[in-house]
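Me: I'd like a close look at a single part of this model, with its surroundings worked through in one go. Here is what I am looking at.

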Amino acid sequence: MSAVLQQSDYAIRCLLFLVEHRGRLATKSEIAKAVDAPDLFVAKILQRLVKANVLVSVRGIHGGFSLAREPSAISLLDVLGASQSSLAFRPCVLNPKACALQDTCPSRPIWVRIYENTVRELRQSTFDKLSREHKTKQRACERRVATARR
């Protein structure tokens, strides 16, 4: 089961790129190259993030995309909410009437708890924290590569 869609994975990468290049506008093509995704795919993701007030876009020859808020005010929940329709594993989690067995189903309460815990974790995972972790992992990787070359 894959709860996080590929589109969401790329949306997270786009946001990390923009967090790490804060203070300037980045073009769609620049972002697409950085996250290794097709321009049209990235354009769709970026527009969804703009619509969700996660990013701002500036039109024109010197236009591009930047964060709409501070990284500490943007969570994984914000990004996943903009890039996929639902985080619920089962339809009955958000709509109990979606299943005729809701009154007798032993697994629905478990799915609801999983959903609630997932939403809580995603809300607490902000892009300032993710960016710091990303930089730490990049430096560690660079050190391993440098050591292996010796």
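Leaving aside its neighbours within four places in sequence, which residues is Leu 67 in contact with? Please start there and then work outward to the helices around it.

Reply: Happy to. One thing to keep in mind is that this is a predicted model.

Leu 67 is found in strand β2, residues 64-67. With neighbours within four places in sequence left aside, Leu 67 is in contact with Leu 15, Leu 18, Val 19, Arg 22, Val 54, Leu 55, Val 56 and Ile 74. Leu 67 has a relative accessible area of 14%, so it counts as buried, the cut-off being under 20%. One of those partners, Leu 55, is 12 residues away in sequence, yet the C-alpha atoms of Leu 67 and Leu 55 are 4.5 Å apart in space.

Among the partners of Leu 67 are Leu 15, Leu 18 and Val 19, and helix α1 spans residues 6-20, which makes α1 a natural next stop. Let us take its two helix contacts in turn.

For the reading that follows, two packed helices are described by the angle between their axes and the distance between the axes.

Begin with α1 and helix α7, residues 127-149: their axes come within 10 Å and cross at roughly 85 degrees. The two helices are therefore roughly perpendicular to each other. On the α1 side the contact is made by Ile 12, Leu 15, Leu 16, Val 19 and Glu 20, and on the α7 side by Phe 127, Leu 130, Ser 131, His 134, Lys 135 and Gln 138. Sorted by class, this contact has six nonpolar, three polar and two charged residues. Leu 15 and Val 19 thus appear here in the contact with α7, and they are also among the residues that Leu 67 is in contact with.

Now turn to α1 and helix α2, the latter being residues 28-35: their axes come within 9 Å and cross at roughly 115 degrees. That makes α1 roughly perpendicular to α2. The crossing of α1 past α2 is right-handed. From α1, Tyr 10, Arg 13, Cys 14, Phe 17 and Leu 18 take part, and they meet Glu 30, Ile 31, Ala 34 and Val 35 of α2. The classes here are seven nonpolar, no polar and two charged residues. Leu 18, listed in this contact, is also one of the partners of Leu 67.

Ile 31 deserves a closer look within that contact. This residue is found in helix α2 and, at 0% relative accessibility, counts as buried. Apart from neighbours within four places in sequence, Ile 31 is in contact with Cys 14, Phe 17, Leu 18, Ala 26, Val 42, Leu 46 and Phe 65. Leu 18 is therefore listed as a partner of Ile 31 as well as of Leu 67. For a sense of spacing, Ile 31 and Lys 51 are 20 residues apart in sequence and 18 Å apart in space, C-alpha to C-alpha.

Tyr 10, another residue of the contact between α1 and α2, brings in an aromatic pair. The count comes to one aromatic pair. That pair is Tyr 10 with Phe 41, edge-to-face, at 5.4 Å centre to centre and 90 degrees between the planes. Tyr 10 lies in helix α1 and Phe 41 in helix α3, so the pair ties together parts that are 31 residues apart in sequence. Tyr 10 is buried, with a relative accessible area of 12%, whereas Phe 41 is partly exposed, at 24%.

The loops on either side of α3 each hold a residue with an interesting backbone. Most residues other than glycine have a negative phi. Asp 36, though, has a positive phi, near 55 degrees. Asp 36 is found in the loop between α2 and α3 and is exposed, with a relative accessible area of 65%. Asn 53 has a positive phi too, near 60 degrees. Asn 53 is found in the loop between α3 and β1 and counts as exposed at 53% relative accessibility.

One more helix pair is worth a look for comparison: helix α4, residues 76-83, and helix α6, residues 108-124, pack at an angle of about 115 degrees with their axes 6 Å apart. That makes α4 roughly perpendicular to α6. Leu 76, Leu 77 and Leu 80 of α4 meet Val 119, Leu 122 and Arg 123 of α6. The residues of this contact divide into five nonpolar, no polar and one charged.

Notes: Residues numbered from 1 in each chain as written. Predicted model: local features only at pLDDT ≥ 70, side-chain atom pairs only at ≥ 80, totals over all residues. Heavy atoms only, no water. Axes fitted to C-alpha atoms, helices over the stretch in contact; angles between N-to-C directions. Helix = DSSP H or I, 4+ residues; strand = E, 2+ residues; numbered from the N terminus. Parallel < 35°, antiparallel > 145°, perpendicular 65-115°, else oblique. Left-handed = near helix turned anticlockwise from the far one by under 90°. Contact = heavy atoms within 4.5 Å. Nonpolar A, V, L, I, M, F, W, Y, C, P; charged D, E, K, R; others polar. Buried < 20%, exposed > 50% of the residue type's maximum accessible area, 1.4 Å probe, protein only. Phe/Tyr/Trp six-rings, centres within 6.5 Å; stacked < 30°, edge-to-face > 60°.
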